[in-house]
Amino acid sequence: MSLQDALTAVERHLTELIRSVARLEEQVGTGLDMRRVRSDANHLRESLGLLKESATGAKAARPGTGDEMVPIPDAPYDSKLWTDAEDEGLGAKDRHAP
């Protein structure tokens, strides 16, 4: 199942949930608990909309699957890159580890 299919299925189920909440509200009334359930269902709809936007936007912004090879050169790094660098766990060259 593709991402778009999964999002569409969730959206379809969420629409049915909101319909069911509306039918339940007709039977139970609009008490505090019912308003909370309705609010939560609406919040889920908003969150799903944001998720769909970010999922489709991220896919459009990042072409490819992320499995591309990244070449790393065999040439050594410039030694100036490591000037004043500390050895991990040992501290700076002019100081002693505790």
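Here are some short exercises, each with a worked solution, on the predicted model shown above.

**Exercise 1. Get the overall layout: how many helices and strands does the protein have, and what percentage of its residues count as buried?**

Start with the secondary structure. The protein has 2 helices and 0 strands. Helix H1 covers residues 3-28, and helix H2 covers 32-61.

Next, look at burial. Out of 98 residues, 12% count as buried.

Finish with the surface. The accessible surface is about 8,900 Å², and carbon and sulfur atoms account for 57% of that.

**Exercise 2. Check the length of H1: what should its 26 residues span, and how far apart are its end C-alpha atoms?**

Step one is the expected value. With 1.5 Å a residue, the 26 residues of H1 should span 38 Å. (The rule multiplies 1.5 Å by one less than the number of residues.)

Step two is the model itself. The end C-alpha atoms of H1 are 37 Å apart, which agrees with the expected span.

Step three is to look just past the end of the helix. There, Gly29 takes a positive phi of about 105°.

**Exercise 3. Find the largest nonpolar core: which residues make it up?**

First, list the members. There are 8 residues in this core: Leu7, Leu14, Ile18, Val21, Met34, Ala41, Leu48 and Ala55.

Then ask where they come from. H1 and H2 each supply at least two residues of the core.

Now compare that with burial along H1. The buried residues there are Leu7, Ala9, Leu14, Ile18, Val21 and Glu25.

Last, follow one member across to its partners. Setting aside residues up to four places away in sequence, Leu7 touches Leu48, Leu51, Lys52 and Ala55.

**Exercise 4. Take Leu48: is it buried or exposed, and what does it contact?**

Place the residue first: Leu48 is in helix H2. Its relative accessibility is 10%, and the cut-off for buried is under 20%, so Leu48 counts as buried.

Now for the neighbours. Leaving aside those within four places in sequence, Leu48 is in contact with Leu7, Val10, Glu11 and Leu14.

Pick Val10 to see how the chain comes back on itself in numbers. Leu48 and Val10 are 38 residues apart in sequence, yet their C-alpha atoms are 8.3 Å apart in space.

**Exercise 5. Work out where Glu25 sits: is it buried or exposed, and which residues is it in contact with?**

Glu25 belongs to helix H1. Its relative accessibility is 16%, so it falls under the 20% cut-off and counts as buried.

For its contacts, skip the neighbours within four places in sequence. That leaves Thr30, Met34 and Arg38.

**Exercise 6. Follow Lys52: which side chain does it meet in a salt bridge?**

Begin with the pair. The side chains of Lys52 and Glu11 form a salt bridge, at 3.0 Å from N to O. The bridge links distant parts of the chain, as Lys52 is in helix H2, Glu11 is in helix H1, and they are 41 residues apart.

Then check the cover on Glu11. At 34% relative accessibility, Glu11 counts as partly exposed.

Round this off with the surroundings of Lys52. Not counting residues up to four places away in sequence, Lys52 touches Leu7 and Glu11. The C-alpha atoms of Lys52 and Gln4 are separated by 8.4 Å, with their positions 48 residues apart along the chain.

**Exercise 7. Trace a salt-bridge network: which residues are joined into it?**

Take the bridges one at a time. Glu16 pairs with Arg19, where the closest N and O atoms are 3.5 Å apart. Glu16 also meets Arg23, at 3.3 Å from N to O. The shared partners join Glu16, Arg19 and Arg23 into one network.

Now think about spacing. Glu16 and Arg19 both lie in H1, 3 residues apart, about one turn of the helix. An α-helix has 3.6 residues a turn, so residues three or four places apart point the same way.

Check accessibility too. Glu16 is partly exposed at 36%, Arg19 is partly exposed at 48%, and Arg23 is partly exposed at 45%. The count for the protein comes to 4 salt bridges.

**Exercise 8. Look at the surface: which residues make the nonpolar patch of about 550 Å²?**

The patch is made by Ile72, Tyr77, Leu81 and Trp82. Ile72 lies in the segment after helix H2. With a relative accessible area of 68%, Ile72 is exposed.

Definitions and conventions: Residues numbered from 1 in each chain as written. Predicted model: local features only at pLDDT ≥ 70, side-chain atom pairs only at ≥ 80, totals over all residues. Heavy atoms only, no water. Patch = residues over 30% accessible without salt bridge, like charges linked within 9 Å, V, L, I, M, F, W, Y side chains within 5 Å. Areas by Shrake-Rupley, 256 points an atom, 1.4 Å probe, with all protein chains shown as cover. Helix = DSSP H or I, 4+ residues; strand = E, 2+ residues; numbered from the N terminus. Buried < 20%, exposed > 50% of the residue type's maximum accessible area, 1.4 Å probe, protein only. Contact = heavy atoms within 4.5 Å. Core = buried A, V, L, I, M, F, W, Y, C linked by side-chain atoms within 4.5 Å.
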